[in-house]
Amino acid sequence: MRMVRMLERSKETAINEIRTHDGKRLHPTTMPRRRALLVGTEIASFRSPWPVEDSLDELALLAKTADLEVVGRIFQRLPEPQPKFFIGPGKVKEVAALREQTQADLIVFDDELSPAQIRNLEEELQTQVIDRTALILDIFARHARTHEGRLQVELAQYQYLLPRLRRQWTHLERQTGTSGGTSAGGMVGLRGPGETQLEIDRRLIERRIAWLKEQLADVHRHRELYRQRRRQTGVPIIALVGYTNAGKSTLLNAMTGADVLAEDKLFATLDPTTRQVLLPGNTVALMTDTVGFIQKLPPQLIAAFRATLEEIEEADLLLHVVDVTHRNAQEHAQTVEQTLRELKVDHKPILTVLNKIDLLEGATAEGIDQIAAEMGLPGDIVAVSARRGWGLQTLGERIVATLAQRMVRVDALIPYQRNDLVALWRQRGVIEFEEFSSDGAHIVGRLPPALAPQFARFARA
Ligand SMILES: Nc1nc2c(ncn2[C@@H]2O[C@H](COP(=O)(O)OP(=O)(O)OP(=O)(O)O)[C@@H](O)[C@H]2O)c(=O)[nH]1
Ligand SMILES: [Mg+2]
């Protein structure tokens with residue numbers, strides 16, 4: 001009984017936070033912001049292209065997005081992670097001293113820790129310890145808006161929590177004077193499921209996971225029906241992919257007149273949005289904005305965002321949006337390419353979109369090409385400023401050309417009674433040649449494979 005109530009309550013606070021009518025989260029002003037100490041590592045055997053300082057900068061941004069106050073940072077270079085604490089025992093002592101000095105009440109590790117490592121660290125440091133994955137989950141919980149998005153986040157939280165179950169933060173809660181620890185005011189570390197002084201019944205959580213999976217399967221079936229209909233229309237689908245904060249939502253808004261929230265924040269977008277876009281030559285397509293990627297994000301976490309994944313799988317073309325002005329643009333692009341490989345969608349046609357060129361002073365087309373070459377990006381590149389609307393016409397033309405490569409070639413004589421087919425061709429395909437005679441319209445061009453059968457009976461031999 002008690003357990004059931006706990007889970008229900010924690011779900012309320014984690015998922016159904018108090019929001020204003022326009023979706024902004026209300027901060028209880030009485031809640032002190034938590035003081036976080038960041039711990040990074042550079043592990044020789046991981047051969048990560050990220051310098052540890054840059055990775056910590058990113059972790060600090062994540063912490064800021066989760067409403068934490070970063071009060072210190074520390075890192076260690078190691079040949080390999082250490083089994084007991086991930087970092088070496090000497091370093092743990094340093095962290096303890098720094099925690100004392102900065103009065104930190106939360107330690108955030110930049111690497112994924114095993115459940116045992118978290119336990120050992122917490123015993124040693126007498127403070128809550130979380131890892132990067134938990135922090136990202138916390139941000140996801142804040143930013144999920146749709147019913148499905150919330151179900152997905154809750155599922156990911158429980159799956160993360162299950163192997164980490166144990167008695168939670170009784171002494172910390174006494175210190176901070178909060179009850180239950182699932183407030184909306186920035187108690188980081190799996191807000192909601194698990195933040196409690198009670199021992200949690202594993203079976204209850206497993207049951208909840210099963211229930212969440214059923215709910216999601218239901219949503220999935222509905223979406224699949226919708227997709228089937230969409231597929232039959234032959235309208236091509238373009239998915240925007242890229243590192244978080246690259247400008248995907250801004251680009252969707254600029255190309256389609258959508259009104260998706262675009263912010264200088266990590267993971268502003270979690271739920272996919274699809275809008276119709278009118279491309280040069282009056283070609284119609286659908287453009288979908290998806291969740292951003294980030295380094296050290298376990299692929300199963302992205303997989304949890306099944307809606308996003310399905311949109312990417314369904315797409316005829318991926319636009320890989322890169323913030324070309326970011327110091328780590330190259331690492332970002334590599335992370336995205338690797339994530340696409342892990343998600344097994346790297347076989348799809350990809351156009352790389354170098355965004356934010358308005359911030360590059362005096363950049364020329366050659367200069368931008370050179371930047372792209374230095375970053376090791378593939379040749380298929382378009383430079384744009386989503387914010388200023390620069391380069392969007394060229395991008396549209398390149399999208400049409402790339403989509404046309406996936407279409408089938410058709411040569412047909414369409415009688416005038418079937419002008420509707422000519423209009424359909426104009427909208428969904430590419431017309432390369434047209435001539436009108438008394439027999440009808442002779443058209444040569446390309447059509448999406450799904451539409452070609454409708455034209456078969458008018459095809460010229
Ligand atoms: N200067 C400049 N800023 C841009 C441009 N495009 C996007 N931005 C800014 O970059 C920030 C991130 O943009 P978003 O469109 O939210 O990025 P996103 O890729 O959707 O990010 P997530 O949804 O968080 O993964 C916002 O502050 C935008 O205003 C651009 O072309 N030029
Ligand atoms: Mg976005």
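This report describes the salt bridges of a predicted model and the surroundings of its ligand 1.

## Salt bridges across the chain

The structure holds 29 salt bridges, and a few of them are described here in detail. One of them joins Arg73 to Asp57, with their closest N and O atoms 2.9 Å apart. This pair links distant parts of the chain, since Arg73 belongs to strand S2, which covers residues 69-78, while Asp57 belongs to helix H2, which covers residues 52-65, and the two are 16 residues apart.

Both partners of this bridge reach the surface in part: Arg73 is partly exposed, with a relative accessible area of 33%, and Asp57 also counts as partly exposed, at 31% relative accessibility.

## A buried pairing between helices H8 and H11

Another salt bridge is formed by Arg227 and Glu311, whose closest N and O atoms are 2.9 Å apart. Here, too, distant parts of the chain are linked, with Arg227 in helix H8 (residues 202-233) and Glu311 in helix H11 (residues 306-314), 84 residues apart. Arg227 has a relative accessible area of 1% and Glu311 one of 5%, so both fall under the 20% limit and count as buried.

Glu311 also forms a salt bridge with Arg230, the closest N and O atoms being 3.3 Å apart. Because Arg230 lies in helix H8 and Glu311 in helix H11, this pair ties together parts that are 81 residues apart in sequence. Arg230 is likewise buried, with a relative accessible area of 6%. These residues take part in a network of salt bridges that links Glu148, Arg223, Arg227, Arg230, Glu310 and Glu311.

## The surroundings of ligand 1

Ligand 1 is surrounded by 23 residues, of which the closest are Lys248, Thr250, Ala268, Thr269 and Asp358. The largest share of this shell, three residues, is supplied by helix H9, which covers residues 248-256. Sorted by class, the shell has seven nonpolar, nine polar and seven charged residues.

Several oxygen contacts of the ligand can be described individually. In the side chain of Thr250, an N or O atom is 2.5 Å from an oxygen atom of ligand 1, and a polar side-chain atom of Asn355 lies 3.1 Å from an oxygen atom of the ligand. With Asn245 the contact involves the backbone, where a polar atom is 2.9 Å from an oxygen atom of ligand 1. Taken alone, ligand 1 exposes 660 Å², and the protein buries 94% of that area.

Notes:
Residues are numbered from 1 along each chain as its sequence is written. Chains are lettered from A and ligands numbered from 1 in the order in which they are written. This is a predicted model: local features need pLDDT of at least 70, side-chain atom pairs count only at pLDDT 80 or more; totals for chains, interfaces and linings use all residues. Side-chain values use heavy atoms; hydrogens and water are left out. A salt bridge is a side-chain nitrogen of Lys or Arg within 4 Å of a carboxyl oxygen of Asp or Glu. Helices (H or I, at least four residues) and strands (E, at least two) are DSSP runs, numbered from the N terminus. Buried means under 20% relative accessible area, exposed over 50%, partly exposed in between (1.4 Å probe, protein chains only). A residue is near a molecule or strand if one of its heavy atoms lies within 4 Å of it. A polar contact is a pair of N or O atoms within 3.5 Å; within protein, one must be able to donate a hydrogen and the other to accept it, and residues adjacent in sequence count only if both atoms are side-chain atoms. Accessible areas come from the Shrake-Rupley method with a 1.4 Å probe; for residues, only the protein chains shown count as cover. Ala, Val, Leu, Ile, Met, Phe, Trp, Tyr, Cys and Pro count as nonpolar, Asp, Glu, Lys and Arg as charged, and the others, Gly among them, as polar.
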